[in-house]
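Student: I have a model open and would like to learn how to read it. Can you take me through it feature by feature?

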Amino acid sequence: MGTFSSFFDSQSRSQWNYNTLKNFRQISPIVQTHLKKVYMTLCCMLVASAFGAYLHIIWNIGGYLTTFACFGAIIWLHSTPPCQEQKRVSLLMASAVFEGASIGPLIDLAIQIDPSVLVAAFVGTALAFACFSGAAMLARRREYLYLGGLLSSGVSMLLWLHFASSIFGGSTALFKVEIYLGLLVFVGYMVVDTQDIIEKAHLGDLDYVKHALTLFTDFVAVFVRILIIMLKNSAEKGERKKKKRSD
């Protein structure tokens, strides 16, 4: 927790004013152009993912098949040389559609329970992404890359927790630990991956397709966890109302 508190302390010690928000002198014009392409591609991926979720709602196609198709498209993308840009972008959008269809059952459940929860979860994720990604861009170069090791340990813990729950049976407490720890880990990855992309771009790696895929993975991971938390809270509120009415 100390590393995360140091993140906020270092930001609060900075002079957060309008001039600070305009300070992108540490980011070269070439890298700024690259970041614009990355974020534009990310927006297109979110639209494609929403289309995939819509396809699930219409035809009920989401499941293991679309999940494997998403992984297959990503592997195919990574094996395609950067010179084939059009093919790589097509594979990127296909993976986003398959990812949207894969989380389609969760989105469909949210629409049935309370559509406002779905909107609130997306807006909350977008705000968190903008804040943490913006903080990473305004911070000194490579300042938060050291968090990568800590976050990798967090991912390892999540995998072991999921493995343990699948063998010994899950509990409500363990489920909450997985959800909240996962949310904390992937919010941290928003910061680390943004700085990693900036650093790689300064070193000449301008592969906006791969970088957009990295940020898209972070966005979806945070969105799913926020949506699950909000749905659980909404369901608990509904149960309380039913109990009050029955009393």
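## Reading the contacts, the core and the surface

Tutor: A search of the whole structure finds 4 salt bridges. Keep in mind that this is a predicted model.

Student: Which residue meets R88 in a salt bridge?

Tutor: Look for the side-chain nitrogen and the carboxyl oxygen. Here R88 pairs with D207, at 2.9 Å from N to O. The two come from distant parts of the chain, 119 residues apart. R88 sits in helix 5 (residues 85-102). D207 sits in the loop between helix 9 (172-202) and helix 10.

Student: Are R88 and D207 buried or exposed?

Tutor: Compare the relative accessible area with the cut-off: under 20% means buried. R88 has 5%, so R88 is buried. D207 has 13%, so D207 is buried too.

Student: What does K210 form with D205?

Tutor: Another salt bridge. The closest N and O atoms of K210 and D205 are 3.6 Å apart. Now check the accessibility of each partner. K210 is partly exposed at 26%. D205 is partly exposed at 23%.

Student: How many residues separate K232 and E236, and where do they lie?

Tutor: Both lie in helix 10, 4 residues apart, which is about one turn of the helix. Their side chains meet in a salt bridge, 3.6 Å from N to O. K232 has a relative accessible area of 29% and is partly exposed. E236, at 27%, is partly exposed as well.

Student: Let me step back to the fold. How many helices and strands does the protein chain have?

Tutor: Count the elements from the N terminus. The chain has 10 helices and 0 strands. Written in order, the elements run α-α-α-α-α-α-α-α-α-α.

Student: What share of the residues counts as buried?

Tutor: The figure is 41% of the 247 residues of the protein chain. V220 in helix 10 is an example to look at. At 7% relative accessibility, V220 counts as buried. Then compare sequence with space. V220 and L46 are 174 residues apart in sequence. Their C-alpha atoms are 8.9 Å apart in space.

Student: Now the rings. How many aromatic pairs does the structure hold?

Tutor: There are 6 aromatic pairs. Take F129 and F219. Their ring centres are 5.8 Å apart, and the planes meet at 65 degrees. An angle over 60 degrees counts as edge-to-face, and this pair is given that label.

Student: Which parts of the chain does the pair of F129 and F219 tie together?

Tutor: Find each residue's element. F129 lies in helix 7 (residues 115-138), and F219 lies in helix 10 (residues 208-246). The pair therefore ties together parts that are 90 residues apart in sequence.

Student: Are these two rings' residues, F129 and F219, buried or exposed?

Tutor: F129 is buried, with a relative accessible area of 7%. F219 is buried, with 5%.

Student: Which residues form one aromatic cluster with F129 and F219?

Tutor: Follow the rings outward from the pair. Y39, F122 and F223 join F129 and F219 in one aromatic cluster.

Student: Let me turn to the surface. Which residues form the positive surface patch?

Tutor: Scan for Lys and Arg. The patch is formed by K237, R240, K241, K242, K243, K244 and R245. Start with K237, which is placed in helix 10. K237 has a relative accessible area of 52%. The cut-off for exposed is over 50%, so K237 counts as exposed.

Student: Which residues form the nonpolar patch on the surface?

Tutor: Here the search is for nonpolar side chains. F51, Y54, I58, W59 and I61 form this patch. Together they have about 560 Å² of accessible area. I61 is placed in the loop between helix 3 (29-59) and helix 4 (64-79). I61 is partly exposed, at 36% relative accessibility.

Student: One backbone question. What is the phi of N60?

Tutor: Check the sign, then the residue type. N60 has a positive phi of about 55 degrees, although N60 is not a glycine. N60 is in the loop between helix 3 and helix 4. At 58% relative accessibility, N60 counts as exposed.

Notes. Residues numbered from 1 in each chain as written. Predicted model: local features only at pLDDT ≥ 70, side-chain atom pairs only at ≥ 80, totals over all residues. Heavy atoms only, no water. Phe/Tyr/Trp six-rings, centres within 6.5 Å; stacked < 30°, edge-to-face > 60°. Buried < 20%, exposed > 50% of the residue type's maximum accessible area, 1.4 Å probe, protein only. Patch = residues over 30% accessible without salt bridge, like charges linked within 9 Å, V, L, I, M, F, W, Y side chains within 5 Å. Areas by Shrake-Rupley, 256 points an atom, 1.4 Å probe, with all protein chains shown as cover. Lys, Arg positive; Asp, Glu negative; His and termini not counted. Charge placed at Lys NZ, Arg CZ, Asp CG, Glu CD.
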